[in-house]
Amino acid sequence: MIIDWHNLERALEFVMDSNVQRIWGSSNGPSDFPSNAGELLLSCLYFVVDNVSENICLDLEAKPLSAIDRLPPVPESQPQTTRSRLSRMKFGELPIEVAESTGKHDSLASRILLSLSFPRLKFILDRVPLAVNQKIVKPVVEERERRRVRVLSHQTGVTQATEGNDSTLTQQERAVVNDDVEEGRLTMERS
């Protein structure tokens, strides 16, 4: 399968589907499911690595991809109001139609970066070009942490997130410098 921006979300949803993962995780799963789910996941992750540019305009307000979101949903406390198109325009910006067409991939990339589990996001962030790494690691990790804290504040007791034994809710993520690999390269860790 050739991964591109048009089928990336669908491919990730398919690979991350808990029933498919559970079946693929067993050694004697049904033969009608492909046995190369790991290859499809790697193809998706490498597609993001290869196609997120240093010109990305991160959308930190992007909704997570519900099928792969690492955090449980939190009920909205107030209805979100959408601002009119004119209120979003600033002097000198591209017309909204042009900006939306060029930013569609940035929005999907942002949603993926905010939704992926820690090890999968770390895989991407450790492999993107240095200029992209330096631009996206801190804001993405800070927004993910802000969302984790928001979910925790709505929980009655600390629970574990949906991915197996991954304690997504109880472990804080942070951006750190990783000069061992490349000077100025950022990575993420959690504790």
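Axes here are lines fitted to C-alpha atoms, for helices over the stretch in contact, and angles run from 0 to 180 degrees between N-to-C directions. This is a predicted model, where local features need pLDDT of at least 70 and side-chain atom pairs count only at pLDDT 80 or more, while totals for chains, interfaces and linings use all residues. Residues are numbered from 1 along each chain as its sequence is written, and side-chain values use heavy atoms, with hydrogens and water left out.

**View 1. Helix 3 meets helix 6.** The axes of helix 3 and helix 6 come within 9 Å and cross at roughly 45 degrees. That makes helix 3 oblique to helix 6 (under 35 degrees counts as roughly parallel, over 145 as roughly antiparallel, 65 to 115 as roughly perpendicular, and the rest as oblique). The crossing is right-handed (the near helix is turned clockwise from the far one by less than a right angle; anticlockwise would be left-handed). On the helix 3 side, look for Leu41, Leu42, Leu45, Tyr46, Val48 and Val49; on helix 6, find Arg120, Phe123 and Ile124. Contact means heavy atoms within 4.5 Å. Sorted by type, the residues of this contact are 8 nonpolar, no polar and 1 charged (Ala, Val, Leu, Ile, Met, Phe, Trp, Tyr, Cys and Pro count as nonpolar, Asp, Glu, Lys and Arg as charged, and the others, Gly among them, as polar).

**View 2. Helix 6 meets helix 7.** Here helix 6 and helix 7 pack at about 165 degrees, with their axes 11 Å apart. The two are therefore roughly antiparallel to each other. Helix 6 passes helix 7 in a left-handed crossing. Phe118, Leu121 and Leu125 of helix 6 touch down on a set from helix 7: Asn133, Ile136, Val137, Val140 and Arg144. This contact's residues split into 6 nonpolar, 1 polar and 1 charged.

**View 3. Helix 6 under cover.** Helix 6 spans residues 118-125 and is mostly covered, with 6 of its 8 residues buried. Buried means under 20% relative accessible area, exposed means over 50%, and partly exposed is in between (1.4 Å probe, protein chains only). Which residues of helix 6 are buried? They are Phe118, Arg120, Leu121, Phe123, Ile124 and Leu125.

**View 4. The largest nonpolar core.** A nonpolar core is a set of buried Ala, Val, Leu, Ile, Met, Phe, Trp, Tyr and Cys residues joined through side-chain atoms within 4.5 Å. This one has 38 residues, and Leu8, Leu12, Ile112, Leu116 and Ile124 touch the most other members. Helix 3 gives the most to this core, with 7 residues. Zoom in on Leu116 and you'll find it touching Met16, Leu45, Ile68, Arg70, Leu121, Ile124 and Arg144, leaving aside residues up to four places away in sequence.

**View 5. Gln171 in its loop.** Gln171 sits in the loop between helix 7 and strand 1 (173-177). Is Gln171 buried or partly exposed? Gln171 is partly exposed, with a relative accessible area of 25%. Its contacts, not counting residues up to four places away in sequence, are Arg148, Arg190 and Ser191.

**View 6. The whole chain, for bearings.** The protein chain has 7 helices and 2 strands (DSSP runs numbered from the N terminus: helices are H or I, at least four residues, and strands are E, at least two). From the N terminus, the order is α-α-α-α-α-α-α-β-β. Of its 191 residues, 36% count as buried.
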